[in-house]
Amino acid sequence: MAATKKKAVRKAKKGERIRQVAAVPFRLIARGDIEVMLVTSRTTRRFIVPKGWPMKGKSGRKAATIEAQEEAGVLGKTLKQPAGTYSYWKRLANRFVRVDVIVYLLEVTEELADWQEAKRRQRAWLAPADAAMLIDEPDLSTLVKTLKLPQPMQVDQA
């Protein structure tokens, strides 16, 4: 177990909220529409976005970028400003803890054919509304469904 996860579990046992970072990989398609990539979780096989614990010495944005590469096999540019946040209940060995997740958008420039968790996860490109229907966490579902790109990016791609 990584040191940051151990620290998070200790905080959770004290009743403190804990934090994770996530990436929503996206790409622009015809007519400037957007698609997002979801991945399946390793245990329940539910659709989620790549996420993980903060990493010592790395910004939240950088940690989210690394999680996207490890879990979804995508490379790209992670936008500086978070797209939003959501909270969910995480199952630990003998309890549930509330986790706050800071979400970053990652503009995908490359999809890897082989990546670290390829054998344990599936990935899918979907329209935000379709992706939102597959996501169990209500706050994340809403965030994905209402996803807005920063204004300059929308203008540049039109």
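**View 1. Ala22 stands opposite Val103 in strand E7.** The model is predicted: local features need pLDDT of at least 70, side-chain atom pairs count only at pLDDT 80 or more, and totals for chains, interfaces and linings use all residues. Residues are numbered from 1 along each chain as its sequence is written, and side-chain values use heavy atoms, with hydrogens and water left out. Strand E1 (residues 18–28) pairs with E7 in the parallel sense, over nine bridges. Strands, here and below, are DSSP runs of E with at least two residues, and helices are runs of H or I with at least four, both numbered from the N terminus. Two strands are said to pair if DSSP finds at least two bridges between them.

**View 2. Strands E5 and E6 pair with E7 in the antiparallel sense.** Five bridges link E5 (residues 74–78) to E7, and Thr78 has Leu106 in E7 as its bridge partner. Between E6 and E7 there are eight bridges; Tyr88 is matched there with Val99 in E7. The connection from E6 to E7 is a hairpin through four residues.

**View 3. Tyr86 and Tyr88 form the one aromatic pair found in a search of the whole structure.** The ring centres of Tyr86 and Tyr88 are 6.1 Å apart and the planes stand at 35°, so the pair is tilted. Rings of Phe, Tyr and Trp (its six-membered ring) pair if their centres lie within 6.5 Å; planes under 30 degrees apart count as stacked, over 60 as edge-to-face and the rest as tilted. Both Tyr86 and Tyr88 are buried, where buried means under 20% relative accessible area, exposed over 50%, and partly exposed in between (1.4 Å probe, protein chains only). The charged end of Lys51 sits over the ring of Tyr88, 4.9 Å from the ring centre. The criterion for such a charge is NZ of Lys or CZ of Arg within 6 Å of the ring centre and within 35 degrees of the ring normal.

**View 4. Strand E2 is covered on both faces.** Seven of the seven residues of E2 are buried, so E2 is largely enclosed by the rest of the structure. In a regular strand the side chains alternate between the two faces of the sheet. One side of E2 holds Ile34, Val36, Leu38 and Thr40, and the other holds Glu35, Met37 and Val39. E2 runs antiparallel to strand E8 (residues 123–126), with four bridges between them; here Val36 stands opposite Leu126.

**View 5. The hairpin of E1 and E2 has five residues between the strands.** E1 and E2 run antiparallel and are joined by three bridges, with Leu28 opposite Ile34. Leu28 lies in E1 and counts as partly exposed, at 25% relative accessibility. The C-alpha atoms of Leu28 and Glu107 are separated by 8.5 Å, although the two residues are 79 apart along the chain. Arg31, in the turn, has a positive phi of about 60°. Arg31 is exposed, with a relative accessible area of 75%.

**View 6. Arg45 takes a positive phi in the hairpin of E2 and E3.** Six residues separate the two strands in this hairpin. Phi of Arg45 is about 65°, although the residue is not a glycine. Arg45 is partly exposed, its relative accessible area being 38%. The pairing of E2 with E3 is antiparallel, over two bridges, and Thr40 has Phe47 in E3 as its bridge partner.

**View 7. Helix H4 (residues 138–145) has a buried side that includes Leu140, Ser141, Leu143 and Val144.** These residues cover an arc of only 165° around the axis, which puts them on the same side of H4. The arc is that of the directions from the helix axis to the C-beta atoms. Exposed residues Pro138 and Lys145 are on the face of H4 turned away from the buried side. The cover over the buried residues of H4 includes strands E2 (34–40), E6 (84–91) and E7 (96–111), as well as helix H3 (128–134); contact means heavy atoms within 4.5 Å.

**View 8. The whole protein contains five helices and eight strands.** Along the sequence the pattern is α-β-β-β-β-α-β-β-β-β-α-α-α. Of the 158 residues, 45% count as buried. Among contacts between residues at least 6 apart in sequence, 68% join residues at least 24 apart.
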